[in-house]
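Biologist: Before we begin, please put the sequence and the model on screen. I want to ask about burial, packing and empty space.

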Amino acid sequence: MPVSESMISGLIGLNRADDEGLVAQLTSQLRSLIAAGRLARGRALPSSRRLASDLGVSRNTVTYAFEQLAAEGYLEASHGRRPVVTIDGAERIEAAGAVASRVRSARPQLSPWASQLRQTDWPMSYQAPQKPLRPGHGDFREFPNEVWARCLRHSAVRAARRELGPVNRTRLREALAHYLATSRGVRATVDQILILPSAQAALTLIAAALVRPGDDVWVEDPGYPGAAAAFRASGARVTGIKLDEQGMQPMPGMAVPKLVFMTPSHQHPTGRLMSLARRTAFLRSSRPGKTWIVEDDYDGEFHYDSRPVPALQGLDAHGRVFYVGTFSKAMTSDIRLGYLVVPPALVSTFEIAQRHIGLIASSHIQEALAEFIADGHFLAHLRRVRRLYHARRDHLVEGLERHLGEVLSVEVPSGGIQLVARLKRGRADQAAVKRLVDAGVETRALSSLALGKPCDHGLLLGFAAWRESEISAAVRTMASCF
Ligand SMILES: Cc1ncc(COP(=O)(O)O)c(C=O)c1O
């Protein structure tokens, strides 16, 4: 039924406690009245002053709502005049419905890249909100948000005086070059370091710039699905290389690939550390300019039992290694920052590619992070959480061995944020994961990380993100499920 002018305010109910602001609430309620045909084409709405006073809100609230609806084509609003409804709601809805159903039934012709990505199970969909012992995270609750907020504020205040231009901010590159050299043995000049929104962005950039259809790429098996997905999408022939105690094994006799992807600090998912001998064997078998190695050091900051083995990149004298890192694990994944150390011969190509794809991280955040690192907060945070995660790893291992020792065999990683517990009997890890998730423990099936036919069945369990009391409760739940 059409509504008279005096009734309009009576049909609107605004809630100041609602997370959705007053403007958004008013806009959406007026839009619904028009769409339902209750405010018909040609009807003048009350003036912003009158509606504001009837609703007890500021005049700006009403003006912003009118402007939004005018921009969407529902109203015509000109200065000094009452806004007028310009469409017939019923017609608009019918037309929109017809278009939507045509769009749904049409088959879009996707690029090979997008078609390939649609076939992968990555990024996987996790339960939200996360449950203990979801793998792949540090404990965001431990992040010093007050200190970070100060760095963000300083960055914002300095923004007006900042040099515009460099997409990879010099202060952050310098801070990273120093940190990577002293902590990870990475040898890089400042211009070799690109700042990106994530480690996954670094893999996408490498795939886009180097991989041609049919190129051979080796990845670890089981391994990190995001890497296989990025290289396959560019048309690579991806081969999974099995692991032994020292991680990925070089494959004498196999055709030399264009690219080898590995996680030598803590193999994802097993957590195994690649020995120095194995690292040099890979370097020896990679011909400069022909085979590139991508070293993903996603959680190399976390080592507990021994001093960290220096990065493969630092052992390479011929510029064959890309070094990928992320702040998602060491700080928080909300920060959306990663980096890529590019071999010298490819720096300018990668800078061009980075700008073309638009993989550019916010200068604001880059500057804040540069201060966070330069003032020592990053290392202080790492020192603190490293102690915490070490204790949590031991707590989880102890709990699993004590309560589930008969069914699970735990592979204790020397570092990292997660561990693998293999099923001693049976090969039904996916069914076990489902049972556990239903009971409130979130894990990932080892077999789902296999590239080829899965040969190992087990659970990938995160320990870093969970307090000892949460870990104990999760282990008790697991024990009741098995
Ligand atoms: C081995 C490995 N590399 C890279 C990434 C991606 O990190 P980012 O969040 O920075 O894309 C992950 C995320 O889980 C990972 O496990």
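Biologist: How many residues of α9 are buried?

Modeller: This is a predicted model, where local features need pLDDT of at least 70, side-chain atom pairs count only at pLDDT 80 or more, and totals for chains, interfaces and linings use all residues. Residues are numbered from 1 along each chain as its sequence is written, and side-chain values use heavy atoms, with hydrogens and water left out. Helices (H or I, at least four residues) and strands (E, at least two) are DSSP runs numbered from the N terminus, and buried means under 20% relative accessible area, exposed over 50%, partly exposed in between (1.4 Å probe, protein chains only). α9 is mostly covered, and the buried count is eight of its nine residues.

Biologist: Which elements cover the buried residues of α9?

Modeller: The residues to be covered are Pro-225, Gly-226, Ala-227, Ala-228, Ala-229, Ala-230, Phe-231 and Ala-233. Contact here means heavy atoms within 4.5 Å. The cover includes α5, α8, β4 (216-221), β5 (237-244), β7 and β13 (444-445).

Biologist: Which residue takes a positive phi just after α9?

Modeller: The phi value is about 100 degrees. The residue that takes it just after α9 is Gly-235.

Biologist: How is the chain divided, and how far apart are the C-alpha centres of domain 2 and domain 3?

Modeller: Domain bounds come from an automatic or database domain assignment, which gives domain 1 (5-91), domain 2 (140-376) and domain 3 (380-481). The contact between domain 2 and domain 3 takes 34 residues from each of them. Their C-alpha centres are separated by 26 Å.

Biologist: Where does the largest nonpolar core lie?

Modeller: A nonpolar core is a set of buried Ala, Val, Leu, Ile, Met, Phe, Trp, Tyr and Cys residues joined through side-chain atoms within 4.5 Å. The largest has 62 residues, and Phe-327, Leu-400 and Met-478 have the most contacts inside it. Helix α13 (residues 377-404) gives the largest share, eight residues. Both domains give residues to this core, so it lies between domain 2 (140-376) and domain 3 (380-481).

Biologist: Which residues does Phe-327 touch, leaving out those up to four places away in sequence?

Modeller: With those positions set aside, the list begins at Leu-176 and Thr-332. It continues with Ile-335, Leu-337, Gly-338, Tyr-339, Leu-369, Ile-373 and Phe-378.

Biologist: Is Gly-338 buried or exposed?

Modeller: Gly-338 sits in strand β10 (residues 338-341). Its contacts beyond four places in sequence include Leu-194, Ile-195, Leu-196, Gly-325 and Phe-327. The C-alpha atoms of Gly-338 and Gly-325 are 5.6 Å apart, with their positions 13 residues apart along the chain. Gly-338 has 0% relative accessibility and therefore counts as buried.

Biologist: His-268 lies in a loop; is it buried or exposed?

Modeller: The loop runs between β7 (259-262) and α10 (276-285). Among the residues His-268 touches are Glu-220, Tyr-224, Pro-225, Gln-418 and Leu-449. Because its relative accessible area is 11%, His-268 is buried.

Biologist: What is the volume of the largest pocket?

Modeller: On a 1 Å grid over the protein atoms alone, a pocket is an open set of points with protein on both sides within 12 Å along at least five of seven lines, a cavity is a set where a 1.4 Å probe fits but cannot get out, and lining residues have an atom within 4 Å of a point. Of the 38 lining residues, Trp-122, Pro-123, Gln-200, Tyr-224 and Lys-329 are the closest to the centre of the pocket, and α5 (112-118), α8 (199-210) and α9 (225-233) each give two or more residues to the lining. Grid points are joined across faces, edges and corners, and a volume is the space filled by probe spheres set on the points. For the largest pocket this is about 890 Å³.

Biologist: Where does the second largest cavity lie?

Modeller: The search of the whole structure finds three cavities of 30 Å³ or more, and the second largest holds about 50 Å³. Its lining includes Asp-221, Lys-242, Leu-446 and Asp-456. Residues for this lining come from both domains, so the cavity lies between domain 2 (140-376) and domain 3 (380-481).
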